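Colleague: I have the model open and a list of labels I'd like to see justified. Can you take me through the reasoning behind them?

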Amino acid sequence: VKFIEIGRTLGKPLVMRLNLNQQSSGPAWQWHKNLIDSLIPIVDCGVHYVDVMCQLTGAKPVRVHGIGAALWGEAEKQNYGHLHVTFDDGSVGWYEAGWGPMMSETAFFVKDVVGPKGSVSLVPNDQPRTDAGLSGSADIDKHTKTDAIRIHHAAVGADKNFTTPDEILSMEDEPGHQELCDREQAFFLKAITEDLDLSDAMDAAVNSLRIVLAAEQSIAEERVVRLD
């Protein structure tokens with residue numbers, strides 16, 4: 001929530017760089033294979049990240065391009081993909097996702113937004129893994145919990161030096177993956193018991209799914225897909 005709030009103050013257009021690559025070992029090996037047998041990663045996880053892009057821009061997506069590669073013979077579908085989205089306000093974004101035992105642990109967590117006025121980034125806790133059976137990128141809590149938010153201000157003075165130092169916001173009190181799931185279920189129950197209007201949320205979900213499915217179509221047809 002804070003990341004999106006700050007991102008909206010950076011001016012337009014925005015450049016959005018998002019990824020989550022996951023190296024498979026131990027239990028994650030089977031999780032990822034089962035997921036890829038159903039959906040390619042940029043569709044399965046991509047809906048969430050594309051939704052963030054749409055919230056940040058508040059703009060209409062107009063073009064989608066996707067690329068993908070099959071690096072894992074154990075999985076039925078491509079286990080690596082990259083999608084690019086262009087919005088009608090000039091903003092652009094990319095999302096990358098790869099799952100499998102061959103994936104690199106380098107730069108697996110990128111959550112970065114750049115605008116004319118500066119940038120905002122989620123900074124992960126990069127402490128080395130302690131369990132050799134589970135890679136850092138496959139640690140589910142690392143998918144949601146971050147160490148800090150870094151805010152960079154682009155303004156420079158007459159000497160061309162930055163007028164404001166970067167800010168670091170501590171995220172030590174944020175919820176873990178299970179706590180987020182609990183919050184989702186509590187909200188779902190509230191929506192039922194209080195008959196909340198979820199029309200906007202449904203529209204956002206359908207819009208995000210439309211974008212990632214266009215990326216999958218782009219990969220299959222080897223072309224840019226234009227959205228109506």
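Modeller: Let's start with Lys-111: in this predicted model, its charged end sits over the ring of Phe-109.

Colleague: What makes you say that the charged end of Lys-111 sits over the ring of Phe-109?

Modeller: The charged end of Lys-111 is 3.8 Å from the centre of the Phe-109 ring. The cut-off for that distance is 6 Å, and the charge must also be within 35 degrees of the ring normal. Lys-111 is listed as sitting over the ring, so the label applies under that rule.

Colleague: On to rings with rings. How many aromatic pairs are there by the rule?

Modeller: Two aromatic pairs.

Colleague: Why is the pair of Trp-29 and Trp-72 called edge-to-face?

Modeller: Their ring centres are 5.2 Å apart and the planes are at 85°. A pair needs centres within 6.5 Å, and planes over 60 degrees apart count as edge-to-face, so Trp-29 and Trp-72 get that name.

Colleague: And what parts does this pair tie together?

Modeller: Trp-29 lies in helix α2 (residues 27-38), while Trp-72 is in the loop between β3 (61-69) and β4 (80-87). The two parts are 43 residues apart in sequence. As for cover, Trp-72 has a relative accessible area of 6%, and under 20% means buried, so Trp-72 is buried. Trp-29 has 28%, which falls between the 20% and 50% limits, so Trp-29 is partly exposed.

Colleague: Why is the pair of Tyr-49 and Tyr-95 called stacked?

Modeller: The angle between the planes is 20°, with 4.5 Å centre to centre. Planes under 30 degrees apart count as stacked, so the name follows. This pair also links distant parts of the chain, with Tyr-49 in helix α4 (residues 46-57) and Tyr-95 in strand β5 (residues 92-100), 46 residues apart. Both Tyr-49 and Tyr-95 are buried.

Colleague: Now charges. How many salt bridges does the structure hold?

Modeller: Six. Lys-2 and Glu-5 form one of them, at 3.1 Å from N to O.

Colleague: How do you know that Lys-2 and Glu-5 meet in a salt bridge?

Modeller: The rule asks for a side-chain nitrogen of Lys or Arg within 4 Å of a carboxyl oxygen of Asp or Glu. At 3.1 Å, Lys-2 and Glu-5 satisfy it, so the bridge counts. They are three residues apart in helix α1 (residues 2-7), which means a separation of about one helical turn. Lys-2 has a relative accessible area of 36% and is partly exposed; Glu-5 is partly exposed as well, with 42%.

Colleague: Where are the partners of the bridge between Lys-12 and Asp-89?

Modeller: The side chains of Lys-12 and Asp-89 meet at 2.7 Å, N to O. Lys-12 is in the loop between α1 and β1 and Asp-89 in the loop between β4 and β5, 77 residues apart, so to speak a link between distant parts of the chain. Lys-12 is partly exposed at 41%, and Asp-89 is partly exposed at 24%.

Colleague: Why is Asp-37 called buried, given that it meets Lys-33 in a salt bridge?

Modeller: The label depends on area: Asp-37 has a relative accessible area of 18%, which is under 20%, so Asp-37 counts as buried. Lys-33, with 17%, is buried by the same limit. Their bridge is 2.7 Å, N to O, and the two residues are four apart in helix α2, separated by about one helical turn.

Colleague: Back to Lys-12 for a moment. What makes the peptide bond from Lys-12 to Pro-13 cis?

Modeller: Its omega is near 0°. Pro-13 is placed in the loop between α1 and β1.

Colleague: Which residues have a positive phi without being glycine?

Modeller: Ala-107, with phi of about 55°, and Asp-195, with phi near 55°. Ala-107 is in the loop between β5 and β6 (109-115), and Asp-195 in the loop between α6 (177-193) and α7 (199-221).

Colleague: Why is Asp-195 called exposed, and Ala-107 partly exposed?

Modeller: Exposed means over 50%, and Asp-195 has 67%, so it qualifies. Ala-107 has 49%, which is not over 50%, so Ala-107 stays partly exposed.

Notes
Residues numbered from 1 in each chain as written. Predicted model: local features only at pLDDT ≥ 70, side-chain atom pairs only at ≥ 80, totals over all residues. Heavy atoms only, no water. Phe/Tyr/Trp six-rings, centres within 6.5 Å; stacked < 30°, edge-to-face > 60°. Buried < 20%, exposed > 50% of the residue type's maximum accessible area, 1.4 Å probe, protein only.
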